[in-house]
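I opened the notebook to record what I looked up in this structure. The entries below follow the order of my reading.

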Amino acid sequence: MRPYSVGGIILIVLGVLALSIHSITYFSHEQVAGPLGFFAWDVSRPHTIFFNPIAGLAAIVIGLVLAMTPRRQAAI
């Protein structure tokens, strides 16, 4: 396969994933000191990453363009 078409297929797959998954949430754990100072609690805080649907559409379009480009002719 051509390198451009492999990159195009990867972009198409990533674009479809970006359109189907709208956000990813992960938790970070940290210890917080209590009111008296010698107690500590584990607190998990959520962090959410949102994916823009326009980025997914752009990845699909660019991937299609890369996958459909014809092979260059070899110089004689």
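Entry 1, the nonpolar patch. The model I consulted is a predicted one. I first asked which element gives the largest share of the nonpolar patch. I found that it is helix 1, with six residues. The patch lies on the surface and is formed by V6, I9, I10, V13, L14, L17, I21, I24, Y26, I49 and F51. Together these residues have about 930 Å² of accessible area. I noted that helix 1 (3-20) and strand 1 (23-33) are the elements that give two or more residues to the patch.

Entry 2, F51. I then looked up where F51 sits, and located this residue in the loop between strand 2 (40-50) and helix 2 (53-68). Is F51 buried or exposed? The relative accessible area of F51 is 35%, so I recorded this residue as partly exposed. A patch residue needs over 30% relative accessible area, and F51 has 35%.

Entry 3, the order of elements. I counted two helices and two strands in the chain. Read from the N terminus, the elements run α-β-β-α.

Entry 4, overall dimensions. I looked up the radius of gyration and found 23 Å for the chain, whereas a compact globule of 76 residues would have one near 11 Å. The C-alpha trace spans about 80 × 25 × 15 Å along its principal axes.

Entry 5, burial and contacts. I noted that 13% of the 76 residues are buried. The chain exposes about 6,400 Å², of which carbon and sulfur atoms supply 70%. Of the contacts between residues at least 6 apart in sequence, 54% join residues at least 24 apart.

Notes: Residues are numbered from 1 along each chain as its sequence is written. This is a predicted model: local features need pLDDT of at least 70, side-chain atom pairs count only at pLDDT 80 or more; totals for chains, interfaces and linings use all residues. Side-chain values use heavy atoms; hydrogens and water are left out. Patches are made of residues with over 30% relative accessible area and no salt bridge: like charges are joined within 9 Å, nonpolar side chains (Val, Leu, Ile, Met, Phe, Trp, Tyr) within 5 Å. Accessible areas come from the Shrake-Rupley method with a 1.4 Å probe; for residues, only the protein chains shown count as cover. A salt bridge is a side-chain nitrogen of Lys or Arg within 4 Å of a carboxyl oxygen of Asp or Glu. Helices (H or I, at least four residues) and strands (E, at least two) are DSSP runs, numbered from the N terminus. Buried means under 20% relative accessible area, exposed over 50%, partly exposed in between (1.4 Å probe, protein chains only). The radius of gyration is taken over C-alpha atoms; the globule rule is 2.2 Å times the number of residues to the power 0.38. Contact means heavy atoms within 4.5 Å.
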